[in-house]
Amino acid sequence: RVLAMADGRSSFFRKNVLAAARIYARAFPPPNDSRLTIKLRNVAEFPDFQQKLRYLIGDRNDIDIIEGTIPSEQKWDLIASHDIMLSTHRAEGYGLHLAEAMSLGLCAVATGWSGNTQFMNPENSALLPYSLEDVIDPYDIYDPPNGSQWARIDEDAGAQVLRDLDN
């Protein structure tokens, strides 16, 4: 069971949620015994993103979307009910959800770049390879200084990591 979490006000494009769905879909084509849960907040504010995600998921019944804010206890229960926390972010402040998942013993799979690397390393996590590209956020939420770069993950490598963890 794989979990990805994001808040639209932190930029779904920066959090790269669509890549998480694509990686899972590549790793586990149907039929399979795996599940992906995508927990989102403030998704109604971004109907274009919501439409793209629903189109990407299509009729897959192994991918669940949970929308809205949930109480802290319910959030912890949600995290604990999964095996892997997946973050395909382009840039991350700290990565609290990753640290929370790791504190519960989940495997954390995340882009090997940005704030999360303060506590994630190859010995305690699965870090996804990436290249750097110029920052362009179509939602105009993430507005760094000119010349800033962020990560573009290798989605094929991400799918292989999930497959390897399943074995």
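## Aromatic pairs

Let's start with F28: its relative accessibility is 8%, so F28 counts as buried in this predicted model. Y24 is buried as well, with a relative accessible area of 0%. The cut-off for buried is under 20% relative accessible area. Searching the whole structure for aromatic pairs turns up eight. Y24 and F28 make one of them: the ring centres are 5.3 Å apart and the planes stand at 55°, so this pair is tilted.

W113 and Y130 give another tilted pair, with 6.2 Å from centre to centre and 45° between the planes. This pair ties together distant parts of the chain, since W113 sits in the loop between β5 and β6 while Y130 belongs to strand β7 (residues 130-134), 17 residues apart. How exposed is W113? W113 is partly exposed, at a relative accessible area of 22%. Y130 also counts as partly exposed, at 35% relative accessibility.

There's a cluster to look at too: ring pairs link F12, F46, F49 and Y139. And F13 has a charge for company, as the charged end of R90 sits over the F13 ring, 3.9 Å from the ring centre.

## The sheet and its helices

Now for the strands. Six of them build an open sheet with parallel pairing, and the order runs β3-β2-β1-β4-β5-β6. The edges go to β3 (63-67) and β6 (126-128); each has a single partner strand, so one side of each has no neighbour in the sheet. On average, neighbouring strands here are turned by 20° against each other, direction ignored.

Zoom in on one pairing and you find strand β4 (residues 84-87) running parallel to strand β5 (residues 107-111), with four bridges joining them. Within these strands, I84 stands opposite C107 of β5. Helix α4 (residues 72-80) packs on the sheet, where it touches β1 (2-7), β2 (36-41), β3 and β4, and its direction makes about 145° with that of β1. Helix α5 (residues 96-103) packs on the sheet too, with contacts to β1, β4 and β5, and its direction makes about 165° with that of β4.

## Nonpolar cores

How many residues are in the largest nonpolar core? There are 32, and the ones with the most contacts inside the core are F12, I38, L40, F49 and L53. The elements giving two or more residues to this core are β1, α2 (17-27), β2, α3 (47-57), β4, β6 and α6 (155-166). Helix α2 supplies the largest share, eight residues.

I38 shows what such a spot looks like: neighbours within four places in sequence aside, I38 is in contact with A4, V17, A21, L53, I57, I63, D64, I65 and I66. A second core, separate from the largest one, has 14 residues, including L3, L78, A108 and F119. As background, nonpolar side chains in soluble globular proteins tend to be buried together.

## Helix α2, wrapped up

Eight of the 11 residues of α2 are buried, so the helix is largely enclosed by the rest of the structure. The buried residues in α2 are V17, L18, A19, A20, A21, I23, Y24 and A27.

Some of these turn up next to T88, which lies in the loop between β4 and α5. With neighbours within four places in sequence left aside, T88 is in contact with K15, N16, V17, A19, A20, I23, T111, L128 and I153. Is T88 buried or exposed? T88 is buried, at just 1% relative accessible area. As for spacing, T88 and L106 are 18 residues apart along the chain, and their C-alpha atoms are separated by 16 Å.

## H82 in its loop

One more loop residue is worth a look: H82, between α4 and β4. H82 is buried, and its relative accessible area is 3%. What does H82 touch? Not counting residues up to four places away in sequence, the list is R1, V2, L3, T37 and L106. L3 also appears in the second nonpolar core. Then there's R35, which is 47 residues from H82 in sequence but 9.0 Å away in space, C-alpha to C-alpha.

Note on methods:
Residues are numbered from 1 along each chain as its sequence is written. This is a predicted model: local features need pLDDT of at least 70, side-chain atom pairs count only at pLDDT 80 or more; totals for chains, interfaces and linings use all residues. Side-chain values use heavy atoms; hydrogens and water are left out. Two strands pair if DSSP finds at least two bridges between them. Axes are lines fitted to C-alpha atoms, for helices over the stretch in contact, and angles run from 0 to 180 degrees between N-to-C directions. Contact means heavy atoms within 4.5 Å. A nonpolar core is a set of buried Ala, Val, Leu, Ile, Met, Phe, Trp, Tyr and Cys residues joined through side-chain atoms within 4.5 Å. Buried means under 20% relative accessible area, exposed over 50%, partly exposed in between (1.4 Å probe, protein chains only). Rings of Phe, Tyr and Trp (its six-membered ring) pair if their centres lie within 6.5 Å; planes under 30 degrees apart count as stacked, over 60 as edge-to-face and the rest as tilted. A charge sits over a ring if NZ of Lys or CZ of Arg is within 6 Å of the ring centre and within 35 degrees of the ring normal.
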